[in-house]
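Hello,

Here is the structure I promised to pass on to you. Please have a look at it first, and then read on for what turned up.

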Amino acid sequence: MSAPTVKPGDTVRVTVTKVLPFAVLVQTGSGMPGLVKHVGPRHGDVITVTVTAVHLNEQQRFSGTVPAL
């Protein structure tokens, strides 16, 4: 398994790939998928998130939040 492309505390730009009732699925420019608590973006939006956790299972994923303005 390769090293993750992001780590907790990183701030990254991601693209929204799917909107769910409770969160949005996102993807980094390098292709790493993630989940962000629902913040109101639409499919295709590019948003900035702060990585809160990296999950190193069979599919490396991360969780994040939208930084406060």
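β1 and β4 run antiparallel and are joined by five bridges; two strands count as paired if DSSP finds at least two bridges between them. Strands here are DSSP runs (E, at least two residues), as helices are (H or I, at least four residues), numbered from the N terminus. One of the bridges pairs threonine 11 with threonine 50 in β4. Before going further, please note that this is a predicted model, in which local features need pLDDT of at least 70 and side-chain atom pairs count only at pLDDT 80 or more, while totals for chains, interfaces and linings use all residues. Residues are numbered from 1 along each chain as its sequence is written, and side-chain values use heavy atoms, with hydrogens and water left out.

On its other pairing, β4 is joined to β5 by five bridges, and these two strands also run antiparallel. A hairpin of five residues connects them. Here valine 54 stands opposite phenylalanine 62 in β5, and alanine 53 has serine 63 as its bridge partner.

The pairings belong to a closed barrel of five strands, in the order β1-β2-β3-β5-β4, with mixed pairing. From one strand to the next the twist averages 50° (axes are lines fitted to C-alpha atoms, for helices over the stretch in contact, and angles run from 0 to 180 degrees between N-to-C directions). The chain has five strands and zero helices, so along the sequence the pattern reads β-β-β-β-β. Its radius of gyration is 11 Å, close to the 11 Å that the globule rule gives for 69 residues, so the chain is as compact as a globular protein of that length. That radius is taken over C-alpha atoms, and the rule is 2.2 Å times the number of residues to the power 0.38. The C-alpha trace spans about 35 × 25 × 20 Å along its principal axes.

Now to the interior. Of the 69 residues, 30% are buried, meaning under 20% relative accessible area, with exposed over 50% and partly exposed in between (1.4 Å probe, protein chains only). The largest nonpolar core has 12 residues, among them Val12, Val24, Met32, Val51 and Phe62. Such a core is a set of buried Ala, Val, Leu, Ile, Met, Phe, Trp, Tyr and Cys residues joined through side-chain atoms within 4.5 Å. β1, β2 (23-28) and β4 (46-55) each supply at least two residues of the largest core. Leaving aside neighbours within four places in sequence, valine 24 is in contact (heavy atoms within 4.5 Å) with residues including Val16, Leu35, Val36 and Pro41.

Two polar residues also deserve a look. Serine 63 lies in strand β5 (residues 61-65), and its side chain makes a polar contact with the side chain of histidine 55 at 2.7 Å. A polar contact is a pair of N or O atoms within 3.5 Å; within protein, one must be able to donate a hydrogen and the other to accept it, and residues adjacent in sequence count only if both atoms are side-chain atoms. Aspartate 10 is in the segment before β1 (11-19). The side chain of aspartate 10 reaches the backbone nitrogen of lysine 7 at 3.0 Å. Not counting residues up to four places away in sequence, aspartate 10 touches Val49, Thr50 and Val51.

Best wishes
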